[in-house]
Structure formats: C-alpha cells, structure tokens
Amino acid sequence: MRILLVEDDRRVAAALASALTRRGYEVEHAATVAAALSAAPCDLVLLDLTLPDGDGTEVCRELRRRSSQLGIIAVTARGEERDRVLGLRLGADDYVVKPFSMVELQARIEAVLRRAAHAAPARDLIEVGPVRIDVSARTVAVAGQPVALTRKEFDILLSLARQPGTAVPRDRILLDVWGTTWADRHTVEVHVGSLRAKLGDARLVETVRGVGYRLRGE
C-alpha cells in the first residue's frame with residue numbers, strides 16, 4: 001500500500017513517514033508541488049495545503065483530474081470551515097486538521113481506501129489463465145470445472161485477479177477482504193493455503209516474499 005506524503009516540514013514528514021512505515025505502508029515523501037505532481041503512482045495522498053512553491057489545493061485539483069479513484073486526505077493547519085469546504089470541493093476525500101493523533105489518521109486512511117476499493121468498477125467476468133471468475137454470480141471455475149469457495153476465499157481470489165500477474169500486498173488483501181489493515185496477517189496465509197488447495201494447482205497463487213501474493217497471469 002503506497003502513500004504519497006506531501007509535507008514541506010521535514011521534521012513533521014519524518015515523524016509521519018516513520019509512523020506510517022511501522023503500520024505497513026510504503027511511503028514516498030514530496031516537499032513541493034512539483035515533486036508531488038511528478039511522484040510515482042500511489043494508493044493514497046496525504047496532502048499539506050501550504051507548500052513553498054504553490055498551493056496544495058492546486059495539487060489536489062490536478063491529482064483528482066488524473067484519477068477519480070485515488071484517495072486524497074488533506075492534512076493541514078488550516079482549520080477554517082471555508083478551507084475545509086474548498087479542499088473537499090476540489091476533490092479531497094477527507095480533511096484532517098493539525099494537530100491530530102495517529103489513531104485518528106489511521107482510521108481516516110482506512111475509511112478512504114475502503115471507499116475507493118468499493119467504488120472501483122467491477123468487471124462481471126474475469127479470466128486469468130485457467131481461472132474464470134463470474135463476479136456477479138460469485139462463482140469460480142478452473143479449466144472449466146466449478147470450484148466451491150468460501151466468501152473470504154472468493155474475495156481473496158478476486159482481489160488478486162483484479163491485478164493479474166502483479167504482486168498484491170497483504171495489506172491490500174486485508175483491506176479488500178476484511179475492510180482493515182489491522183487484522184492478523186496469519187489469517188491471510190491460512191485462507192490463501194485453503195484457496196490453493198481448492199484451485200487444484202498451488203502454483204496459480206504465488207507467494208511474493210516480503211510483499212504478498214500474485215495470481216499467475218499466463
């Protein structure tokens with residue numbers, strides 16, 4: 001799960017990045033408008049609205065123009081109602097006023113990512129190698145043979161199938177399936193083991209060490 005932290009105060013950025021990294025996120029820091037707009041793709045942006053080379057609201061507007069699914073949380077000392085309204089109207093999903101606790105920020109991050117995941121357009125039929133998933137009917141077949149999965153197993157497979165051939169982090173699977181990143185990661189391992197057994201070919205779901213899992217796309 002990648003977070004772009006846009007914050008010009010180096011000490012604040014270092015503290016936030018450290019706290020987020022301990023919670024399992026991959027964090028990229030940008031201290032200026034230019035750096036924020038040229039950063040690599042991410043899942044969520046924590047955006048300070050006061051930046052040395054421009055206004056963070058312009059960053060918000062441009063990032064929202066590029067993607068309707070990107071999570072954006074304005075993190076700023078501007079606590080006036082007009083500032084909050086402006087930020088939300090420009091495309092921010094949430095607005096956090098400094099100072100704040102990491103517990104509050106974590107909860108807001110999870111809520112925004114959960115909404116973004118649910119808002120993502122779903123394909124009715126997904127085919128990855130021999131695996132065929134009917135999203136609407138919630139059925140799975142491997143090489144034409146139906147496979148009975150539990151709800152969690154189906155949701156894990158769907159999370160992987162939406163990004164075939166790509167390593168999907170455990171935190172993304174936790175968010176997609178359990179709605180939080182705070183669940184026990186061992187839970188994912190147990191369900192993936194059961195999923196592999198039911199698919200009939202353990203090689204279909206590969207473990208990517210230190211990251212998560214990948215559904216083979218060939």
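**Exercise 1. Take stock of the fold: how many helices and strands make up the secondary structure of the protein?**

Solution. The secondary structure consists of eight helices and 14 strands. Keep in mind as you work that this is a predicted model. Next, turn to burial: of the 218 residues, 44% count as buried. Then look at the contacts between residues at least 6 apart in sequence: 54% of these join residues at least 24 apart. Finally, consider the surface, where the accessible area is about 10,900 Å² and carbon and sulfur atoms account for 51% of it.

**Exercise 2. Find Asp48 and decide: is Asp48 buried or exposed?**

Solution. Start with the location: Asp48 sits in the loop between strand S3 (44-47) and strand S4 (50-51). Now apply the cut-off, by which buried means under 20% relative accessible area. Asp48 has 5% relative accessibility, so Asp48 counts as buried. Then list the neighbours. Leaving aside residues up to four places away in sequence, Asp48 touches Val6, Glu7, Asp8, Gly56, Val75, Thr76 and Lys98. To finish, check the end of the loop, where the side chain of Asp48 reaches the backbone nitrogen of Thr50 at 3.2 Å.

**Exercise 3. Describe the second largest pocket: which residues line it?**

Solution. Begin with the volume, which is about 170 Å³. The lining is made up of Leu4, Ala36, Ala39, Ala40, Pro41, Cys42, Val45, Leu63, Arg66, Ser67 and Leu70. Sorting this lining by class gives nine nonpolar residues, one polar and one charged.

**Exercise 4. Look for uncommon backbone geometry: which two residues does a cis peptide bond join?**

Solution. First, recall the background: most residues other than glycine have a negative phi, and most peptide bonds are trans. The cis bond lies between Lys98 and Pro99, with omega at about -5°. Pro99 belongs to the loop between strand S7 (94-97) and helix H5 (102-119). Lys98 has already appeared above, among the residues that Asp48 touches.

Now turn to phi. Arg138 is not a glycine, yet its phi is positive, near 55°. Arg138 lies in the loop between strand S9 (131-134) and strand S10 (139-142). Ala143, also not a glycine, has a positive phi of about 55°, and its place is the loop between S10 and strand S11 (145-147).

**Exercise 5. Classify these two residues: why does Ala143 count as exposed, and how does Arg138 count?**

Solution. The cut-off for exposed is over 50% relative accessible area. Ala143 counts as exposed because its relative accessibility is 64%. Arg138 has 39% relative accessibility and therefore counts as partly exposed.

Conventions:
Residues numbered from 1 in each chain as written. Predicted model: local features only at pLDDT ≥ 70, side-chain atom pairs only at ≥ 80, totals over all residues. Heavy atoms only, no water. Helix = DSSP H or I, 4+ residues; strand = E, 2+ residues; numbered from the N terminus. Buried < 20%, exposed > 50% of the residue type's maximum accessible area, 1.4 Å probe, protein only. Contact = heavy atoms within 4.5 Å. Areas by Shrake-Rupley, 256 points an atom, 1.4 Å probe, with all protein chains shown as cover. Polar contact = N/O pair within 3.5 Å; in protein donor to acceptor, adjacent residues only side chain to side chain. 1 Å grid on protein atoms, 1.4 Å probe; cavity = no way out; pocket = protein on both sides within 12 Å on 5 of 7 lines; lining within 4 Å. Points joined across faces, edges and corners; volume = space filled by probe spheres on them. Nonpolar A, V, L, I, M, F, W, Y, C, P; charged D, E, K, R; others polar.
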